[in-house]
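Student: Could you take me through one buried part of this model in close detail, and then show how the surrounding elements are arranged about that part? I would like one connected account rather than a list.

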Amino acid sequence: TWDTMNFFNRNKTYRPQKSHKGSHNDALSQQIKQTVNLSTLGSGSMAEAVKLPQGENLNEWLSVNTLDFFNEINMLYGALEQFCTKDACTIMSAGDKVHYLWADGVKVKTPKECSAPEYVELLMSWVESQLNDESIFPTKLESPYPKNFKDLVKVIYKRFFRVFAHVYHAHFEKVQNMGAAAHLNTCFKHFIYFVQEFKLVDSKEMEPCKALIESMLDKDAKKRYQEEKSSEDDETVKRK
């Protein structure tokens, strides 16, 4: 049988993983992983994990997270590539009523319908070209970010969301059967908290996963309430 580590094999990715350029960005990336892991283990908050660290530059924080999410989605889709084929997933969709068309404004100017694997291939290739573009994602400290950087990043995150939406609608049962649902849910929850914190994806775009998102956030809210109530009860006992 497969287990989670076999399913999300870091050596089997859809495209080669990308590494951070510069020790500071790498340190930020490690900090993100540690805080997300702590929140998953119950000793931290996902909402706090995504917040801009004090003294850090917003564009740099967005940049580091964008590359990390690229790698995470890259690994996720690499595990599903054998099931998400052009015959099984003839249209890039999130359910019966939501179909996604591809256009990048350069190579493909007119939005076109394509299979899910073709869409993901075009998407990941396009994102990688953005990440490699020094005028968009500068790696030198003296190089400025473009003035419309957040707008550019929002398009990337909107399209990242579509991969998650397709996986949940078309392949979640397969992920569950392989015992990897908890890992997928953690990746998606981290993504949702991040895009909501910085308003990167419109709520209308996230409609295909609305019930799942509300369930995740509701569980966290109830957990925080219980923790706060327990803390208050402890304080009351101490006062007595």
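Tutor: Phe161 has a relative accessibility of 0%, and because burial here means anything under 20%, this residue counts as buried. The model is a predicted one, and every value that follows is computed from it. Phe161 sits in helix H6, which covers residues 149–177. Leaving out residues up to four places away in sequence, Phe161 touches Tyr100, Phe188, Phe191, Glu205, Met206, Pro208, Cys209 and Ile213. One of these partners, Glu205, is 44 residues from Phe161 along the chain, yet the C-alpha atoms of the two are separated by 8.4 Å.

Phe161 also belongs to a wider group. The largest nonpolar core has 62 residues, and those that touch the most other members are Tyr157, Phe160, Phe161, Phe188, Phe191, Phe194 and Leu200. Two or more residues of this core come from each of helix H4 (58–80), helix H5 (116–131), H6, helix H7 (181–197) and helix H8 (210–239). H6 gives the most, with 13 residues. As a general background, nonpolar side chains in soluble globular proteins tend to be buried together.

Two further members of that list, Phe194 and Leu200, can be followed from their own contacts. Setting aside residues up to four places away in sequence, Phe194 touches Val50, Trp61, Leu62, Asn65, Phe69, Tyr157 and Leu200. Leu200 is placed in the loop between H7 and H8, and with a relative accessible area of 2% it is buried. Beyond its neighbours within four places in sequence, Leu200 is in contact with Leu62, Lys150, Val153, Lys154, Tyr157, Phe194 and Val195. Tyr157 and Leu200 are 43 residues apart in sequence, while their C-alpha atoms are 6.5 Å apart in space. Lys199 lies in that loop between H7 and H8 as well, but Lys199 is exposed, with a relative accessible area of 64%. Although Lys199 is not a glycine, it has a positive phi of about 50°.

The helices that supply the core can next be considered in pairs. Two packed helices are described by the angle between their axes and the distance between the axes. For H5 and H6, the packing angle is about 150° and the axes are 11 Å apart. Because an angle over 145 degrees counts as roughly antiparallel, H5 is roughly antiparallel to H6. The crossing in which H5 passes H6 is left-handed. On the H5 side of this contact are Ala116, Tyr119, Val120, Leu123, Met124, Trp126, Val127 and Gln130, and they meet Val155, Ile156, Arg159, Phe160, Arg162, Val163 and His166 of H6.

H5 packs with H4 too, at an angle of about 155° and with the axes 11 Å apart; H4 and H5 are therefore roughly antiparallel to each other. H4 passes H5 in a left-handed crossing. Here Thr66, Leu67, Phe70, Ile73, Asn74 and Tyr77 from H4 meet Ala116, Pro117, Val120, Met124, Val127, Glu128 and Leu131 from H5.

Just before H5, the chain passes through Ser115, which is found in the loop between strand E2 (112–113) and H5. Ser115 counts as buried, at 10% relative accessibility. Not counting residues up to four places away in sequence, Ser115 touches Lys86, Cys89, Thr90, Ile91 and Met92.

As a biochemist you may also ask about the cysteines. Cys114 is buried, with a relative accessible area of 4%, and Cys187 also counts as buried, at 11% relative accessibility. The structure holds zero disulfides.

Finally, these details can be set against the whole chain. The protein chain has eight helices and two strands, which follow the pattern α-α-α-α-β-β-α-α-α-α when read along the sequence. Of its 240 residues, 44% are buried. Among contacts with a separation of 6 or more, 74% come from residues 24 or more positions apart. The pair of Phe161 and Glu205, at 44 residues apart along the chain, and the pair of Leu200 and Tyr157, at 43 residues apart in sequence, are two places where you can follow such separations in the model itself.

Note on methods: Residues are numbered from 1 along each chain as its sequence is written. This is a predicted model: local features need pLDDT of at least 70, side-chain atom pairs count only at pLDDT 80 or more; totals for chains, interfaces and linings use all residues. Side-chain values use heavy atoms; hydrogens and water are left out. Helices (H or I, at least four residues) and strands (E, at least two) are DSSP runs, numbered from the N terminus. Buried means under 20% relative accessible area, exposed over 50%, partly exposed in between (1.4 Å probe, protein chains only). Contact means heavy atoms within 4.5 Å. A disulfide is a pair of cysteine sulfur atoms within 2.5 Å. A nonpolar core is a set of buried Ala, Val, Leu, Ile, Met, Phe, Trp, Tyr and Cys residues joined through side-chain atoms within 4.5 Å. Axes are lines fitted to C-alpha atoms, for helices over the stretch in contact, and angles run from 0 to 180 degrees between N-to-C directions. Angles under 35 degrees count as roughly parallel, over 145 as roughly antiparallel, 65 to 115 as roughly perpendicular and the rest as oblique. A crossing is left-handed if the near helix is turned anticlockwise from the far one by less than a right angle, and right-handed if clockwise.
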